[in-house]
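Biologist: I'm just starting out with protein structures, so could you pick a single helix and walk me through it slowly? I'd like to know what its two sides look like and what sits around it.

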Amino acid sequence: MRITFLGTGTSQGIPVIGSDHPVCLSEDSRDKRLRVSVLVEWEDHCFVVDCGPDFRQQMLRAGVSRIDGILFTHEHADHTMGLDDIRPFFFRQGDIPIYAHPRVLGELRQRFPYIFVSGKEKYPGAPGVREIEVTGNRTLELGGISVVPVSVMHNRLQVFGYRFGDFAYLTDVKTISDEELQKVKKVKVLVINALRTEPHPSHLNLEEALSLIEKIRPEKAYLTHISHLLGFHAEVEKTLPEGVFLAYDNLQLEV
Ligand SMILES: [Zn+2]
């Protein structure tokens with residue numbers, strides 16, 4: 001299985017518009033972070049997790065010409081606002097499968113009503129989707145593998161992470177129940193969010209992410225959904241424990 005980090009930044013991305021923070025001015029390409037998303041490929045299957053405002057640029061940058069579907073974690077704008085840009089995939093492939101909690105599908109229908117219209121009502125050129133509900137207790141069968149939804153809390157909002165075999169992707173986590181934690185325990189590669197050093201009401205900070213990684217005990221962990229306030233990639237990575245890394249855009253892993 002091949003993992004490509006399409007984006008590793010928090011909701012504003014890095015650089016932040018108009019910011020003169022040193023991390024926003026950094027010339028290290030690893031300090032330039034699009035909104036968070038990941039591409040998961042195995043055999044001839046290709047799935048994207050989330051579809052934020054940088055989706056078009058991410059698909060072009062990673063050279064993606066076909067997708068089997070999009071799995072949504074939750075409805076926040078940095079994870080959903082690129083949905084209109086599935087149009088080139090839709091023109092070639094037809095309705096694009098989207099996997100999400102029923103609540104998130106409802107939010108998408110409100111924000112993009114023209115995508116969810118069918119038949120004569122549909123505006124020519126509008127994209128189409130096929131909705132697949134994700135519920136916490138049902139494993140998805142995608143391209144011959146089991147994908148396990150992992151329910152976490154983003155302050156008071158429920159969010160899904162996904163475990164694809166030996167790879168687990170959890171973003172926008174603040175807390176996770178012991179029961180859900182069991183679903184990712186001792187996974188080979190874990191991706192988890194770490195916003196910054198200071199605490200935040202809806203995101204793990206670095207210290208909290210590291211203590212959750214200690215509980216999950218993956219072989220390797222990669223941190224994502226990173227704010228410029230976390231610091232320079234090159235400096236922060238030196239401070240991390242063995243087996244823990246900062247993800248960066250375009251990083252690829254074989255799992
Ligand atoms: Zn987010």
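Modeller: Sure, but keep in mind that this is a predicted model. Let's get our bearings before zooming in. The chain has 8 helices and 14 strands, and its C-alpha trace spans about 55 × 45 × 35 Å along the principal axes. A compact globule of 255 residues would have a radius of gyration near 18 Å, and the chain's 18 Å agrees with that. Buried residues make up 41% of the chain. Of the contacts with a separation of 6 or more, 61% are between residues 24 or more positions apart.

Now for the close look: helix H7, which covers residues 206–216. Its buried residues are Leu206, Ala209, Leu212 and Ile213. Looking down the axis of H7, you'd find these buried residues within an arc of 125 degrees, so they line one face of the helix. Here's the general idea behind that: an α-helix has 3.6 residues a turn, so residues three or four places apart point the same way.

Turn to the other side of H7 and you meet Glu207, Ser211, Glu214 and Lys215, which are exposed.

So what covers the buried residues of H7? The cover includes three strands: E11 (189–193), E12 (220–224) and E13 (244–246).

One last detail, at the end of the helix: Arg217 follows H7, and its phi is positive, near 55 degrees.

Note on methods. Residues numbered from 1 in each chain as written. Predicted model: local features only at pLDDT ≥ 70, side-chain atom pairs only at ≥ 80, totals over all residues. Helix = DSSP H or I, 4+ residues; strand = E, 2+ residues; numbered from the N terminus. Rg over C-alpha atoms; globule rule 2.2 N^0.38 Å. Buried ≥ 20, exposed ≤ 12 C-beta atoms within 10 Å, placed from the backbone. Contact = placed C-beta atoms within 7 Å. Arc of directions from axis to C-beta.
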